[in-house]
Amino acid sequence: MRILLVEDDTMIGEAVSLALKDAAYAVDWVQDGATASNVLQDGDHQAILLDLGLPKRDGLEVLRRLRQDGSPIPVVVITARDAVEDRVQGLDLGADDYLVKPFDLSELLARLRAVIRRQGGQAAPMLTNGRMSLNPATGEAGNGEVSVTLSARERALLQTLLLHPGRIFSRAELETHLYGWGQEVESNAIDFLIHAIRKKLGADAIKNVRGAGWLVERPR
């Protein structure tokens, strides 16, 4: 899963980026609101962590423009603005959650997982298609016969597919979801990850659609 972090404080940005990467997310970090609005036009991210007190364009204006453009991407506001009216305004403008600084990184990650699940139409903490399941918080996955722990990238790939069962993802789409700016992607990286997941969860865990991409089956 690829996250856009919009935070102008270097210390906070570095800490959040590291926590996200440790939790198997790909992270792109920008430090002003104008750049954030430009980046969001590409539609390459699955969620946004958005500070409000940003240079060049306030975070609330970034949020307002995003929703006016019709984007449904989950947004978690992370800000020092703790007044009730600020929280109400942020939520009314379209934020999915609102977290006041200082915050615990584990809580931030839990809130991020929750908004991503809801965006994918799943409220339960375990993602499943009825044949296999994944706990995005721990990377533990199972198919009813075995229980395994996935690597960070394996977890990210399977999470992407399980959030959209039945949808075919091309190689380029999966690379966009799993890798951030400046990260080199080997030509066979996706094949390697899918092979590793199949080895752990069975050959039919991820289906190949020749010439199109990969999917996990819908629940029966």
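Mentor: Let's start with a definition: two strands pair if DSSP finds at least two bridges between them. Keep in mind that we're looking at a predicted model.

Trainee: Okay, so in which sense do strand β4 and strand β5 pair, parallel or antiparallel?

Mentor: Here's the general idea: strands of a sheet pair through backbone hydrogen bonds, in either a parallel or an antiparallel way. In this case β4 (residues 75-79) and β5 (residues 97-100) are parallel, with four bridges between them. Try finding Ile 78, whose bridge partner in β5 is Leu 99. Helix α4 (residues 84-92) joins β4 and β5 in a right-handed β-α-β unit.

Trainee: What about the sheet with β6 in it: what is the strand order?

Mentor: Read it as β6-β7-β8-β9, an open sheet of four strands with antiparallel pairing. β6 (127-128) and β9 (147-149) are at the edges with a single partner strand each, so each has one side without a neighbour in the sheet. Between β6 and β7 (residues 133-135) there are two bridges, and Thr 128 sits opposite Ser 133 of β7.

Trainee: Now helices. At roughly what angle do the axes of α1 and α5 cross?

Mentor: Helix α1 (residues 10-22) and helix α5 (residues 105-119) cross at roughly 60°, and their axes come within 11 Å. That makes α1 oblique to α5. The crossing is right-handed.

Trainee: Which residues make the contact?

Mentor: From α1, look for Ala 15, Val 16, Ala 19 and Leu 20; from α5, Leu 105, Leu 108, Leu 109 and Leu 112. By class, that contact has eight nonpolar residues, no polar ones and no charged ones.

Conventions
Residues are numbered from 1 along each chain as its sequence is written. This is a predicted model: local features need pLDDT of at least 70, side-chain atom pairs count only at pLDDT 80 or more; totals for chains, interfaces and linings use all residues. Side-chain values use heavy atoms; hydrogens and water are left out. Axes are lines fitted to C-alpha atoms, for helices over the stretch in contact, and angles run from 0 to 180 degrees between N-to-C directions. Angles under 35 degrees count as roughly parallel, over 145 as roughly antiparallel, 65 to 115 as roughly perpendicular and the rest as oblique. A crossing is left-handed if the near helix is turned anticlockwise from the far one by less than a right angle, and right-handed if clockwise. Contact means heavy atoms within 4.5 Å. Ala, Val, Leu, Ile, Met, Phe, Trp, Tyr, Cys and Pro count as nonpolar, Asp, Glu, Lys and Arg as charged, and the others, Gly among them, as polar. A crossover is right-handed if, with the strands pointing away from the viewer, the path from the first strand over the helix to the second runs clockwise.
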